[in-house]
Amino acid sequence: RRGCLPSPWDWSAFLKVAGKFAGFAFEKSDAQKRWGSENVFDVAAGGRSLRFTAELIYGNSMQQMDLSKDHKKLLEAIESDDADALIEEIGGAAAWEVFTEVLRN
């Protein structure tokens with residue numbers, strides 16, 4: 001999405017790993033331990049922060065309380081006949097079933 005994911009992207013591998021972390025809070029200190037402290041000037045040096053990347057992907061700031069246009073479109077797609085196509089675009093049903101299984105364990 002929005003050029004943030006490398007191509008090709010392995011949704012199955014990603015979701016297997018994500019399932020191990022999704023059930024826990026992710027604090028700022030966790031991000032700092034994993035990737036170092038955030039530097040607002042990283043963009044000027046050709047990099048970008050985790051927070052900025054999340055804002056690109058989600059289409060709005062974490063400070064913004066309203067749903068982004070993309071979030072609204074996603075909700076509409078889930079409730080429509082396009083849900084199957086959307087699921088295929090983000091890894092397919094089998095990959096998400098593995099994700100939920102990892103969450104359960």
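Does Leu74 count as buried, partly exposed or exposed, and at what relative accessibility? In this predicted model, Leu74 comes out at 37% relative accessibility, so it counts as partly exposed, given that the label covers values between 20% and 50%. As for its place in the fold, Leu74 sits in helix H4, which runs over residues 69–78. Leu74 also has some nonpolar company at the surface: together with Leu67, Leu75 and Ile78, it makes up a nonpolar patch of about 320 Å².

Just along the chain, the picture turns to charge. Asp81 is found in the loop that links H4 to helix H5 (83–89). With 77% relative accessibility, Asp81 counts as exposed, because that label needs a value over 50%. Asp81 is part of a group, too: Asp82, Asp84 and Glu88 join it in a surface patch of negative charge.

Gly19 tells another story. This glycine belongs to helix H1, spanning residues 11–21. Its relative accessibility is just 5%, so Gly19 counts as buried, the cut-off for that label being under 20%. What does Gly19 touch, once residues up to four places away in sequence are set aside? The contacts are Phe99, Val102 and Leu103. Val98 comes into the picture as well: Gly19 and Val98 are 79 residues apart along the chain, yet their C-alpha atoms are separated by 8.3 Å.

To put the three residues side by side: Gly19 is buried, Leu74 is partly exposed and Asp81 is exposed.

Terms used. Residues numbered from 1 in each chain as written. Predicted model: local features only at pLDDT ≥ 70, side-chain atom pairs only at ≥ 80, totals over all residues. Heavy atoms only, no water. Patch = residues over 30% accessible without salt bridge, like charges linked within 9 Å, V, L, I, M, F, W, Y side chains within 5 Å. Areas by Shrake-Rupley, 256 points an atom, 1.4 Å probe, with all protein chains shown as cover. Salt bridge = Lys/Arg side-chain N within 4 Å of Asp/Glu carboxyl O. Helix = DSSP H or I, 4+ residues; strand = E, 2+ residues; numbered from the N terminus. Buried < 20%, exposed > 50% of the residue type's maximum accessible area, 1.4 Å probe, protein only. Contact = heavy atoms within 4.5 Å. Lys, Arg positive; Asp, Glu negative; His and termini not counted. Charge placed at Lys NZ, Arg CZ, Asp CG, Glu CD.
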